[in-house]
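Dear colleague,

Please find the structure below for your review. My notes on it follow directly after.

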Amino acid sequence: MVPITEHTVGVVIVGHGSTASQLLEAARGIVGGDALDDVVAVDAGAGQTPELAQRLFAEIGAADHGAGVLLVVDLLGASPCSCGLREGVGHSLALLSGLNLAMLLKLASLDRASLGPTELAAACAASAQRSVTIRPPEESG
Amino acid sequence: MSKAQEVAGELEIVNPLGLHARAASKLVSLANKFQSDVWLAKGETEVNAKSMLGVLMLACGKGSKVRLRCAGGDAAKCFDALAELVRGGFGEI
């Protein structure tokens, strides 16, 4: 496991249903190694509950080693997002929405001890945005 | 520090699944162990081979011909290591 220091930005992923844990598992399966070992996935299930709030409060707190937290959510403004933001008050927390596999693969390649939460979010967002493409039928064959 | 150099060559993707996510991850991880800049091209599209997403976007199936280009002080070692990985089918054959 990558050593965690007070300079390491912690990462908490939260999404509807079981998207957070499933995507994290998929990313770990692709990249191998230990880069995502300390990343935490919180499955929000169907929506906001007191249990979800408690879990996010605890996980965000545990993920903040002193360098802040990157909170990755699937849908901006939805319950998992708003609940995470609310429970993350008091931590230096950057929000990254639009959870997808590309951003998690990018995250695995970044040094979370030398970049801050916002820089990490920006790098992941750039990869995620590039991963969304459209090819018309005539170019997809 | 050795002199900067560039080494390039064409390679064929030989593993049945092509340059899929896990294979791309192996390639990118290995490329990042070297100081050299590394590019991979298919047709007219050239991408940074140290970027997982870039490599995946080439969408290389089995039989695809790609051009690997390494530039930097350790370009020769870098090229050899990556070429071996590609020619060996990413350990999948």
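In this predicted model, the axes of helix H1 (19-31) and helix H4 (101-109) of chain A come within 9 Å and cross at roughly 50°. Axes are lines fitted to C-alpha atoms, for helices over the stretch in contact, with angles from 0 to 180 degrees between N-to-C directions. H1(A) is therefore oblique to H4(A), given that under 35 degrees counts as roughly parallel, over 145 as roughly antiparallel, 65 to 115 as roughly perpendicular and the rest as oblique. Helices (H or I, at least four residues) and strands (E, at least two) are DSSP runs, numbered from the N terminus.

The contact (C-beta atoms, placed from the backbone, within 7 Å) involves Leu23(A), Leu24(A), Ala26(A), Ala27(A), Ile30(A) and Val31(A) of H1(A), facing Leu101(A), Leu104(A), Leu105(A) and Ala108(A) of H4(A).

Between the chains, 10 residues of chain A are in contact with five residues of chain B. H4(A) gives the most to that side of chain A, with four residues.

In chain B, strand E4 (residues 65-72) pairs in the antiparallel sense with strand E1 (residues 5-12) over eight bridges, and with strand E2 (residues 37-42) over five. Pairing requires at least two bridges found by DSSP. Lys65(B) is the bridge partner of Glu12(B), while Ala71(B) stands opposite Asp37(B).

Residues are numbered from 1 along each chain as its sequence is written, and chains are lettered from A and ligands numbered from 1 in the order written. Local features need pLDDT of at least 70 and side-chain atom pairs count only at pLDDT 80 or more, whereas totals for chains, interfaces and linings use all residues.

Yours sincerely

Notes. Contact = placed C-beta atoms within 7 Å.
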